[in-house]
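Subject: Structure for your attention

Dear colleague,

Please find below the structure that I am handing over to you. A written account of what was found in it follows directly after.

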Amino acid sequence: MCIRDSSKTEHQLPPEQYYNEQEAAKYSNNPHIIEIQTQLTERALAILALPPEKKALILDIGCGSGISGCVLTDNGYEWVGVDMSKWMLNVCLLYTSPSPRDLSTYRMPSSA
């Protein structure tokens with residue numbers, strides 16, 4: 001059974017309302033979040049133990065503002081990021097890809 005802390009704001013609002021432009025900017029500039037995301041990504045790379053002589057393309061599902069992607073880039077990896085928040089992706093593009101080679105967006109159909 002998954003226990004969720006329902007007192008957190010991100011659990012009280014739909015994602016498209018919580019991860020808006022203002023929240024994406026706050027998240028992306030929070031030193032504590034940046035430090036944790038960096039440490040988690042470095043740990044994930046250590047666990048993966050990818051051979052350094054082989055190039056790898058990594059899929060970052062829920063890439064958010066690209067904090068982990070920056071760590072991947074710094075470690076010589078190519079990566080593709082996917083996120084449900086267009087605002088987080090906008091921040092990601094600002095910090096990680098001044099001239100993106102290929103940027104595609106796709107809106108999932110709503111389940112009505």
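A crossing of two helices is called right-handed if the near helix is turned clockwise from the far one by less than a right angle, and left-handed if it is turned anticlockwise. That term is needed for the first helix pair described here, since the crossing of H3 and H6 is right-handed. Please note that the model is a predicted one.

The chain as a whole

The chain contains six helices and two strands. Read from the N terminus, its elements follow the order α-α-α-α-β-α-β-α. Of the 112 residues in the chain, 22% are buried. Where contacts join residues at least 6 apart in sequence, 44% of them link residues at least 24 apart.

Helices H3 and H6

In general, two packed helices are described by the angle between their axes and the distance between the axes. For H3 and H6, the axes come within 8 Å and cross at roughly 45 degrees. H3 is therefore oblique to H6, as angles between 35 and 65 degrees fall outside the parallel and perpendicular ranges. On the H3 side, the contact is made by Glu 21, Ala 24, Tyr 27 and Ser 28, and on the H6 side by Trp 87, Met 88 and Val 91. By class, these residues comprise five nonpolar, one polar and one charged.

The two sides of H6

Which residues of helix H6 (residues 86-96) are buried? They are Met 88, Val 91 and Cys 92. Because these residues cover an arc of only 105 degrees around the axis, they lie on the same side of H6. The cover over them includes helix H3 (21-28) and strand S2 (78-82). Met 88 and Val 91 are thus found both among the buried residues of H6 and in the contact with H3. On the other side of H6, Lys 86 and Leu 94 are exposed.

Helices H4 and H5

The axes of H4 and helix H5 (residues 67-74) come within 9 Å, with a crossing angle of roughly 45 degrees. This angle makes H4 oblique to H5. The crossing in which H4 passes H5 is right-handed. From H4, the residues that take part are Ile 33, Ile 34, Gln 37, Thr 38, Thr 41, Glu 42 and Leu 45, and they meet Ile 67, Ser 68, Val 71 and Leu 72 of H5. The contact of H4 with H5 has six nonpolar, four polar and one charged residues.

Ile 36 is also located in helix H4. Is Ile 36 buried, partly exposed or exposed? Its relative accessibility is 33%, so Ile 36 counts as partly exposed, the limits for that class being 20% and 50%. Between Ile 36 and Ser 68 there are 9.8 Å from C-alpha to C-alpha, and the two are 32 residues apart in sequence.

The loop after H4

Ala 49 is situated in the loop between helix H4 (31-48) and strand S1 (57-61). Most residues other than glycine have a negative phi. Ala 49, however, has a positive phi, near 50 degrees. With a relative accessibility of 56%, Ala 49 counts as exposed, because the class begins over 50%.

Yours sincerely

How values were computed: Residues numbered from 1 in each chain as written. Predicted model: local features only at pLDDT ≥ 70, side-chain atom pairs only at ≥ 80, totals over all residues. Heavy atoms only, no water. Helix = DSSP H or I, 4+ residues; strand = E, 2+ residues; numbered from the N terminus. Buried < 20%, exposed > 50% of the residue type's maximum accessible area, 1.4 Å probe, protein only. Axes fitted to C-alpha atoms, helices over the stretch in contact; angles between N-to-C directions. Parallel < 35°, antiparallel > 145°, perpendicular 65-115°, else oblique. Contact = heavy atoms within 4.5 Å. Nonpolar A, V, L, I, M, F, W, Y, C, P; charged D, E, K, R; others polar. Arc of directions from axis to C-beta.
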